[in-house]
Number of protein chains: 2
Amino acid sequence: MTTDQKLEDVLYYLLEKTNKVIRRYSQVRFNEAGINITVDQWLVLKKINDSDRITQIELANALFKDRASITRILDLLLEKKLIRKEPGVDKRVHELVLTPAGQKFMEQAFGVVKKVRKKGIETLQDKEQEQLRMSLQKIIRNLE
Amino acid sequence: MTTDQKLEDVLYYLLEKTNKVIRRYSQVRFNEAGINITVDQWLVLKKINDSDRITQIELANALFKDRASITRILDLLLEKKLIRKEPGVDKRVHELVLTPAGQKFMEQAFGVVKKVRKKGIETLQDKEQEQLRMSLQKIIRNLE
DNA sequence: CCTATATAGTTGATATATCAATTAATTAAA
DNA sequence: TTTAATTAATTGATATATCAACTATATAGG
């Protein structure tokens, strides 16, 4: 084989590593704070909280997840009584809302989430963050 | 709740999106080329190919995966007869090597992989790529 | 209207991630 | 040297990702 780059020199590998480090760090902070939720469940809750009566497909698109994954994550959030599914005008769709318990949960998690976000970028200047966003968006545009 | 950033404005969210786009694009190119393998299986093959008689724990560390995940991915690569496990001097460890079929497979995949890597960064100057790597490494250091 | 097609969501199958428990082999300590 | 502690890998349980098949509802065209 023509000599290939070492895996460690491939940019995608570094992106993969960054993502995994963020996810693990976040999960550990949740656990330490006694916040009983996965990172993916948190993402779903957060998006529902940001939105007004979002549907499952909209949720899937917003989070780059499959409809099937969303169904299953919602099942767990329903069990925890953090969300409700309400029938839409179109009887096929479910509109999703946080329960009061879900809202309280988000408030509790907020402090941890804020710290986790801050920690990752604490050594990056504003300008460097902006540059990073632009570069990532370029990669997305090239592959989408 | 104190007003929180929208999910779309969080840098981690953008990193998550970038990673998913890369993985989906890569998988689609593999499929189109008739390369019957998952992205994770490819990562494992690539690392074995880069290394001299790597063990499962070393593989797990290099790929930020759990030992259990490595065991299961290797099961599938064994079924496909792309790798072999050889006993180490320490009888607890397995040293991993590509079979001749595995080597041939890597050669076939090489062209596709090279194109996929190039496509993602085609609009980024060398300098921008270097900056991107540095920023990602900073995030990793902050959270590791 | 009535039928064909499209859409939202669910379910099943397989792959991967994570954690905990287990097995086999090794090393350290008594 | 026998026992205790450690380590490499596997296995089981649960969560998530992806694809395909399916159900229920909605809409378009005849």
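## Chains A and B around two DNA strands

User: Happy to start with the DNA: how many residues surround strand D?
Analyst: This is a predicted model, in which local features need pLDDT of at least 70, side-chain atom pairs count only at pLDDT 80 or more, and totals for chains, interfaces and linings use all residues. Residues are numbered from 1 along each chain as its sequence is written, while chains are lettered from A and ligands numbered from 1 in the order in which they are written. A residue is near a strand if its C-beta atom, placed from the backbone, lies within 6 Å of it. The closest to DNA strand D include A:Ser69 and B:Gln56, and the residues surrounding the strand number 27.

User: Which element gives the largest share of that surface near DNA strand D?
Analyst: Helices are DSSP runs of H or I with at least four residues, strands are E runs of at least two, and both are numbered from the N terminus. Elements giving two or more residues include helix H2 (39-50) of chain A and helix H1 (11-32) of chain B. The largest share, five residues, comes from H4(A).

User: And which element has the largest share near DNA strand C?
Analyst: Among the closest residues to DNA strand C are B:Ala68, B:Ser69 and B:Lys91. Helix H4 (67-79) of chain B is one of the elements supplying at least two residues there. The largest share, five residues, comes from H4(B).

User: Lastly, what pattern does chain A follow along the sequence?
Analyst: Chain A has six helices and two strands. Read along the sequence, their pattern is α-α-α-α-β-β-α-α.
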